[in-house]
Amino acid sequence: MAFDIETTGFDVTDEVTVVGFALPLGCRVFVRGDEGMDAEGVAATVRDAVGEAVSLSVHASEAALLRAVGEFAAERINGEDVLVVAYNRERWRGGFDLPFLRTRLAATGVAWPFQNVPYADVLPVVEKLFNTSRDGESRDDLVGAYAALVGDGVNAADPFTESAEAVTAFNEGQTAALVQHNAVDTLRTRALTLLAEQYCSKSDFKLKSLTPTVLNE
């Protein structure tokens, strides 16, 4: 189950605007926005663009969004047959999404959503075990690795050329573009994970537990 978030920036006071997952049967996306937003319309637009089923829910605040993600995780992300994967989201020497998410959960007082589930970052696998070089330069970023190893695919459906555009899109109310970018990122991650599973051993995936030391009941 591939995972990705969008935010209002990179500072400790910035907030989560989108949390998305790519499941075997499509994308599940949680987005900040007005309750009157046409969620079905946005989902249909994104579905047509990425060629995958898209389920979207809209939440009026960051805390409400994070609580909804926790409810989803408790229902769908559990058991030994589930693996949460991401691309440069948390690894030994870096990563963004999971550290950012921890900070915002602590700031809003929302419980950690991932319990009793393993996690693997796909970037180290791609970086070490595949050749993504073009014109003498390694392209291990998500867009470049996907293009090198999978092809055009959903890269063509990304409305942004830089991830930082997600901040502008949120501020300007471009929800469909924001959700579409998030869905594309999760689908790229899922595709690279499935590819790596075909050509790399289980030991190449450095699994870690996302279960916190103290569980919030």
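Of the 217 residues of the chain, 48% count as buried in this predicted model. The fold draws on seven helices and nine strands. With a radius of gyration of 17 Å, close to the 17 Å that the globule rule gives for 217 residues, the chain is as compact as a globular protein of that length. The C-alpha trace spans about 45 × 40 × 35 Å along its principal axes. Contacts across the sequence add to this picture: among those between residues at least 6 apart in sequence, 69% join residues at least 24 apart.

Within this overall arrangement, one helix pair invites a closer look. Helix H2, covering residues 62-76, packs with helix H3, covering residues 97-108, at an angle of about 115 degrees. The axes of H2 and H3 lie 10 Å apart. Because angles of 65 to 115 degrees count as roughly perpendicular, H2 and H3 are described as roughly perpendicular to each other. The crossing in which H2 passes H3 is left-handed.

On the H2 side, the contact is made by Glu62, Ala63 and Leu66, while H3 contributes Leu101, Arg104, Leu105 and Thr108. By residue class, the contact of H2 with H3 divides into four nonpolar, one polar and two charged residues. Readers following along in the structure can find the nonpolar class represented by residues including Ala63 and Leu66 of H2 and Leu101 and Leu105 of H3. The charged class has Glu62 on H2 and Arg104 on H3, and Thr108 of H3 falls in the polar class.

Definitions and conventions. Residues numbered from 1 in each chain as written. Predicted model: local features only at pLDDT ≥ 70, side-chain atom pairs only at ≥ 80, totals over all residues. Heavy atoms only, no water. Axes fitted to C-alpha atoms, helices over the stretch in contact; angles between N-to-C directions. Helix = DSSP H or I, 4+ residues; strand = E, 2+ residues; numbered from the N terminus. Parallel < 35°, antiparallel > 145°, perpendicular 65-115°, else oblique. Left-handed = near helix turned anticlockwise from the far one by under 90°. Contact = heavy atoms within 4.5 Å. Rg over C-alpha atoms; globule rule 2.2 N^0.38 Å. Buried < 20%, exposed > 50% of the residue type's maximum accessible area, 1.4 Å probe, protein only.
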